[in-house]
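Visitor: I'd like a close look at one part of this protein, the aromatic side chains and how they pack. Could you walk me through it once the model is up?

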Amino acid sequence: MQVLRCLPKEIINLSVSLGRGGEACIYAVPSDGDLVAKVYHKPTVAHAYKLQAMLANPPENPTASLGHISIAWPQDLLLAADINDTSGDDKIKGERIIGFLMPRIRGMRPIIDFYNPRTRRQHCPLFNYQYLLRTARNLAAAFAALHNSGYCVGDVNESNILVSDTALVTLVDTDSFQVREPDNNVVYRCPVGKPEFTPPELQNKIFAQHDREVTHDLFGLAVLIFQLLMEGTHPFSGIFQGNSEPPPYEARIAGGHFTYSQKRQVPYLPTPIAPAWEILHPKLQELFVRCFEEGHNDPQLRPSAQNWLSAVAEAEDSLITCITNPQHRYNNHLHGCPWCERALRLGGRDPFPSHRAIENREHLKPRIQPKRRYTQVPGLPQPVTPLHQFNYWQQANTATYSPRKRSRKAKFYPVVFGLLGFGMLGYLDVMIKFTRPFVSQNAYTQQSLMTRSKTNNPNANFADYYKQGHAAYQTRDYEQAVENFSQAIKQQPTYAKAFVNRGNARYNLKDYEGALVDYNQAVQINPNEVKGFVNRANARYMLAEYSNDPDREYRQAIADYNHALELNDKEVEAYLRRGVVRSQMAKYSGTAIEDFKRAIADLTRAIALNPSKGEAYFQRASVRYQMAQYSGDYSQEYQKALSDFDQALLINDKLPKVYLKRGMLRYEIAQYISSKSDQNHQQAIQDLNTAAKLSLEQEDTENYQQALSSLCVIEEDKCNNLFQGSSMWNNIKSH
């Protein structure tokens with residue numbers, strides 16, 4: 001299918017379908033791996049005008065400085081490619097608009113996978129109560145941003161909200177939101193809704209006949225936050241005390257039968273498997289009562305998204321850590337750990353399993369009745385550790401499904417806050433502005449500002465286009481490289497290396513599906529094309545990040561690397577990348593140590609073939625770093641990893657990712673090993689400062705932000721001073 005992108009005007013070929021619904025189909029965008037196209041089956045004028053109103057007034061993205069998208073908002077319109085624009089109007093005629101471009105969201109799961117204890121144990125077992133609070137906080141921030149711009153979600157439900165393993169939140173299906181066009185006060189309503197999240201005043205109503213209000217959204221938001229913090233329990237679920245059949249949710253909500261009502265009697269008792277009401281922070285208890293009890297007759301009494309943001313932040317600040325299981329976090333108004341007690345009541349099924357239990361895969365075993373009581377060791381609760389990003393310790397672009405981390409030998413120590421919410425936003429903004437002069441001196445930045453010649457010579461032959469494609473690739477102009485290699489392929493469609501090179505350019509544009517198509521064509525033309533197999537494996541490794549079956553992608557990648565090595569047993573890249581994939585698979589296998597050792601053997605072979613390959617040393621260090629978390633002797637593995645990081649920097653001392661990981665490794669060594677603790681601490685700070693400086697010079701935003709975030713952990717006092725001086729942070733705390 002061909003469609004016309006509005007800005008800039010260009011034809012886009014949509015061939016790879018990512019999903020199909022009743023209203024539209026989602027396609028990959030070949031020229032931009034960070035976007036997807038949504039094309040309506042039956043586009044209407046109402047669709048068109050609603051999308052134009054949304055594009056004219058996008059909401060603020062509360063996590064923009066983190067490089068994360070909290071609201072998957074439309075970014076451009078798609079027009080029918082066979083209709084020329086002859087209207088001359090400022091606004092495009094509605095009948096021409098058939099869909100839109102929006103951000104591609106990867107590596108995230110529906111929110112139900114996190115508040116449902118069973119799926120959370122399977123996919124993200126280290127996602128503890130503090131992460132659930134942070135998820136609630138980020139969710140409230142996204143709702144606040146929408147409401148501040150005059151939008152209503154309307155159809156609030158668990159399938160429209162995605163969550164990452166670092167507690168970041170993204171609202172999707174945004175074109176179904178209620179949109180008000182301010183110019184003529186036209187309202188494009190949300191015609192659907194789910195009863196479990198619908199407020200009492202809208203129960204049994206036809207949604208298409210009613211304008212949604214912010215107070216309607218606030219009911220659904222409160223339901224989601226309740227489920228996040230109460231192990232998936234719905235606030236209106238319970239054991240019915242009447243003689244008839246239990247009423248459905250819509251009847252309970254319409255009747256105001258909040259199971260945990262404080263001021264009225266309701267015919268329900270909490271279910272035995274639900275957590276106790278008292279585990280909630282007192283401020284949160286107050287807001288839930290305001291929403292579901294006091295707000296039943298007066299919707300204006302429901303807490304705003306900003307109220308929830310402040311209350312959840314207060315609850316997170318008051319968390320303490322259980323001495324028995326550091327994964328148990330609970331609020332300091334409680335006298336004992338509620339999660340230890342809950343694990344006992346659930347027959348040993350711990351809602352937040354320990355690192356040891358996860359390492360031994362005990363968290364996935366069937367429920368058993370414990371033989372002895374699981375009691376807490378006497379002593380005072382420890383302060384809570386800061387929230388960190390699970391994928392913080394992984395290399396960029398690593399698949400992050402079902403993460404596992406610390407070993408039973410690891411001591412409990414402070415690690416990264418999830419960039420500390422809005423406070424970190426202010427901090428990063430200050431730092432980026434402060435260090436702006438470095439960017440203007442960057443050679444690559446200056447080069448990218450130069451006018452690029454894209455004129456096609458009608459007399460150019462295959463060799464000309466091929467050379468131009470190679471030149472564009474060398475200057476990182478991957479879009480131009482794709483164009484040039486495509487012209488070369490038209491003239492000589494049986495030259496396998498042209499497909500490999502175009503695939504490489506598409507790979508660098510994050511168009512992994514397009515790259516896979518090119519690599520497939522290359523190995524079909526030439527079954528002995530080693531680079532075709534190696535690079536196809538690399539693309540499959542990247543596709544695993546957002547695949548429904550990542551293990552299949554990993555196995556196919558391994559098969560491609562094996563085939564490449566059968567063709568050439570001295571192919572360094574195949575050994576190196578096979579080692580990386582094996583290390584990724586090891587984290588989820590039942591034989592982690594053996595799999596890590598196989599990964600190290602591959603990387604060692606790559607080093608033997610090319611001792612000057614700094615990337616191989618970096619990857620072997622990263623694998624040893626990971627293996628230390630599964631090994632009984634983590635100290636020895638840490639030292640080996642440190643030696644490999646050192647060697648990588650001897651080969652190339654301009655790699656920010658190496659300084660970043662070596663800095664965090666040194667910080668951990670300072671925490672775990674008393675010998676030379678102060679020296680390692682200072683060296684960690686030096687490494688992270690170097691990582692930040694190099695990342696900024698190289699315009700590597702991801703590593704730059706991670707380096708700043710890590711420095712925040714190590715030099716917490718400096719971060720606190722910055723947060724206290726941030727106007728945004730002060731505004732949030734004052735509400």
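Are Tyr260 and Trp277 buried or exposed, and what surrounds that part of the chain?

Guide: Both Tyr260 and Trp277 are buried. Keep in mind that this is a predicted model, so let's begin with how far to trust it. The mean pLDDT of the protein is 82, with 81% of residues at 70 or more. There are weak patches, though: residues 86-90 fall below 50, and that stretch has one contact beyond near neighbours in sequence. Residues 369-455 also stay under 50 throughout, although the model gives them 234 contacts beyond four places in sequence. Where pLDDT is low, the predicted coordinates shouldn't be read in detail.

Now to your pair. A pair of aromatic rings is described by the distance of the centres and the angle of the planes. The rings of Tyr260 and Trp277 are stacked, with 5.5 Å centre to centre and 15° between the planes. Tyr260 sits in the loop between helix H6 (249-255) and strand S14 (268-269), while Trp277 is in the loop between S14 and helix H7 (282-294), so the pair ties together parts that are 17 residues apart in sequence. These two rings also have company: Phe219, Phe226, Phe236, Phe258, Phe288, Phe292 and Trp308 join Tyr260 and Trp277 in one aromatic cluster. Tyr249 has a charged partner, with the charged end of Arg252 over its ring, 5.7 Å from the centre.

For another arrangement, try Trp339 and Phe352. This aromatic pair is edge-to-face, at 4.9 Å centre to centre and 85° between the planes. Trp339 belongs to helix H9 (residues 338-345) and Phe352 to the loop between H9 and helix H10 (355-359), so here the pair ties together parts 13 residues apart in sequence. Trp339 counts as buried because its relative accessibility is 2%, and Phe352 counts as buried at 0%. Across the protein, the count comes to 31 aromatic pairs.

While you're in this region, have a look at the cysteines. A disulfide is a covalent bond between the sulfur atoms of two cysteines. The count of disulfides here is zero. Cys322 has its closest cysteine sulfur in Cys340, but the two sulfurs are 3.6 Å apart, too far for a bond. Cys322 is buried, with a relative accessible area of 0%, and Cys291 is buried too, at 1%.

Stepping back, the protein has 28 helices and 17 strands. Of its 735 residues, 56% count as buried, and it exposes about 32100 Å², with 49% of that supplied by carbon and sulfur atoms. Among contacts with a separation of 6 or more, 66% are between residues 24 or more positions apart.

A few backbone details are worth a glance as well. The peptide bond from Leu7 to Pro8 is cis, with omega near -5°, and Pro8 is in the loop between strand S1 (2-5) and strand S2 (10-13). Asn185 isn't a glycine, yet its phi is positive, near 60°; you'll find Asn185 in the loop between strand S11 (179-181) and strand S12 (186-188). Arg476 likewise has a positive phi, about 65°, without being a glycine, and its place is the loop between helix H14 (462-474) and helix H15 (478-491).

Conventions
Residues are numbered from 1 along each chain as its sequence is written. This is a predicted model: local features need pLDDT of at least 70, side-chain atom pairs count only at pLDDT 80 or more; totals for chains, interfaces and linings use all residues. Side-chain values use heavy atoms; hydrogens and water are left out. Helices (H or I, at least four residues) and strands (E, at least two) are DSSP runs, numbered from the N terminus. Buried means under 20% relative accessible area, exposed over 50%, partly exposed in between (1.4 Å probe, protein chains only). Contact means heavy atoms within 4.5 Å. Accessible areas come from the Shrake-Rupley method with a 1.4 Å probe; for residues, only the protein chains shown count as cover. pLDDT is the predictor's confidence in each residue, from 0 to 100. A disulfide is a pair of cysteine sulfur atoms within 2.5 Å. Rings of Phe, Tyr and Trp (its six-membered ring) pair if their centres lie within 6.5 Å; planes under 30 degrees apart count as stacked, over 60 as edge-to-face and the rest as tilted. A charge sits over a ring if NZ of Lys or CZ of Arg is within 6 Å of the ring centre and within 35 degrees of the ring normal.
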